[in-house]
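User: I should like to learn how to read charged side-chain pairs in a structural model. Could you guide me through an example?

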Amino acid sequence: MQEICIILYVTLLFIVSNRKKTTSDVDFFTAGKNSSWPAVAFGMVGATISGISLISVPGMVVKGSFFYMQMVLGFILGYMVAAYFLLPIYYRLGSVSIYSYLDKRFGKNSRLVVSVLFLVNKMLSSAVKLYVVMLVLHRFVFANHGVSFELATLIVVAVIYAYTFRNGVKSVVMTDCVQTACLLIATVVLLVEAFFAVDGNFTDVFNYASSEGLSKTFDFESISNKSHFIKQFVSGAFIVVVMTGLDQDVMQKNLTCRNLKEAQKNMVVSGLMFTPVNLMFLVLGATLVYLAHAKGISLPEKTDEIVPLFCNQFGDVAVCCLSLGMIAASFSSADSALVGMTTCLLTDVMHKDLSEVSRTQHYIIHGVLALLLVGVILVFNANAQTSALNIIYTIVSYVMAPILGMFMFGIFTKREITDKASPVICLLTPFVMYYVDTLSTQYGYKFGYELLVLGALVTILGLCLTTIGKSSE
């Protein structure tokens, strides 16, 4: 049953992605700047959430109650900042690459180091997201046919490459809508299956979650707690600013809207949609934890395995929905990542004029990045030990913090820097972050995702040291 659903789904993706051909080579990167903002907004939900959320967020209930919602509320603020602060800057630039701002503001070295950091972050985070999907797909589909994890990964990435390599970002925008719809439908079906498994008695689920402290949503106790409201809310806002507002592949889709106002509408609407979607994930997690208690089922040590465990018990429909939901969300994330990385590599690292880049050239770059993604997934498979969502946010904190610092310094100050020094500052920042994080534990303070803010401040401090005796015109 799963195999048939997946085949039909992939066929649908190819039909949708090739419905309208690009009229020029540049349209691979811009979609002709004619995307409908409701389509981009709806598609961004699946692209940003990814299949990891369907697996990791429900499992967070076990150790973190509903505290994740504090971060989700921060997401809304982050989307507002991206919509009304960053988007106007990008539209004024008139460039496909958002990192061209740093070239104009500071110089080529600043643009180059930030672009490389983006590529590292996007490759690693995309690999983690797709890795989680591959675990589920291999377990429920490929293993039944004797296909190894390595070959299964290669097949999946080849499919993603195949439906994006011709139309680029236009394919991404169109298929993202289909994939978001599939993710939401799958989530609703899993919730219904879980409610039926507890005989529809949601009152018992709620009472159990309350008595066990699983439904706690706000933490206003010690500020040293990782789950404290202020830390989670502020971290959520900054994470969205970095993962969305300063992320080439996400903003590239926003820049395909017809004008700035439509792009802002898209950003705000997609940001608001995250609250009910993530709440559904957490309610699913609480229901599964109660079900384990009621049925005497031992929960797996890795919280990411809770949802697959129960789906296997619910039957083929649940397994099919889980597989389809994760494929939909992770394909949506991975396809835009490949297009975004292709754009960044060509424009920011190789300094190519997109109007002069042939289709053969970007096909090759696109393919090389796809193969590299396969390699990183396999490396991660050999070393994964913790929650995938935590790994992604940790990667973002360390790798994207210098990017956040560079943009903040450029936007909020008028000082000039020593452009040659910016790569050194950006590369040293993660090491300083790690040292401070390690040292703080000796004094009873535990950094959470606000480590991202610390890294940005470290970068800003380093840039300040290079401005002595300089000022912008």
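Analyst: This is a predicted model. We may start with one pair: Asp 348 and Arg 111 are both buried. Their side chains meet in a salt bridge, with an N to O distance of 2.7 Å. The pair links distant parts of the chain, since Asp 348 belongs to helix 14 (residues 316-349) and Arg 111 to helix 6 (residues 108-140), 237 residues apart.

User: What is the general idea behind such a pairing?

Analyst: Side chains of opposite charge can pair when their charged atoms come close. In this structure, Arg 111 also meets the side chain of Asp 103 in a salt bridge, at 3.2 Å from N to O. Both Arg 111 and Asp 103 are buried.

User: With which residue does Lys 108 form a salt bridge, and is Lys 108 buried or exposed?

Analyst: Lys 108 pairs with Asp 103, the closest N and O atoms lying 3.9 Å apart. Lys 108 counts as exposed because its relative accessibility is 55%, and the cut-off for exposed is over 50%.

User: Which residues are linked in the network of salt bridges, and how many salt bridges does a search of the whole structure find?

Analyst: The network links Asp 103, Lys 108, Arg 111 and Asp 348. A search of the whole structure finds six salt bridges.

User: Where is Val 379 placed, and is Val 379 buried or exposed?

Analyst: Val 379 lies in helix 15 (residues 359-381). With a relative accessible area of 52%, Val 379 is exposed. The C-alpha atoms of Val 379 and Ala 127 are separated by 9.4 Å, although the two residues are 252 residues apart along the chain.

How values were computed. Residues are numbered from 1 along each chain as its sequence is written. This is a predicted model: local features need pLDDT of at least 70, side-chain atom pairs count only at pLDDT 80 or more; totals for chains, interfaces and linings use all residues. Side-chain values use heavy atoms; hydrogens and water are left out. Helices (H or I, at least four residues) and strands (E, at least two) are DSSP runs, numbered from the N terminus. Buried means under 20% relative accessible area, exposed over 50%, partly exposed in between (1.4 Å probe, protein chains only). A salt bridge is a side-chain nitrogen of Lys or Arg within 4 Å of a carboxyl oxygen of Asp or Glu.
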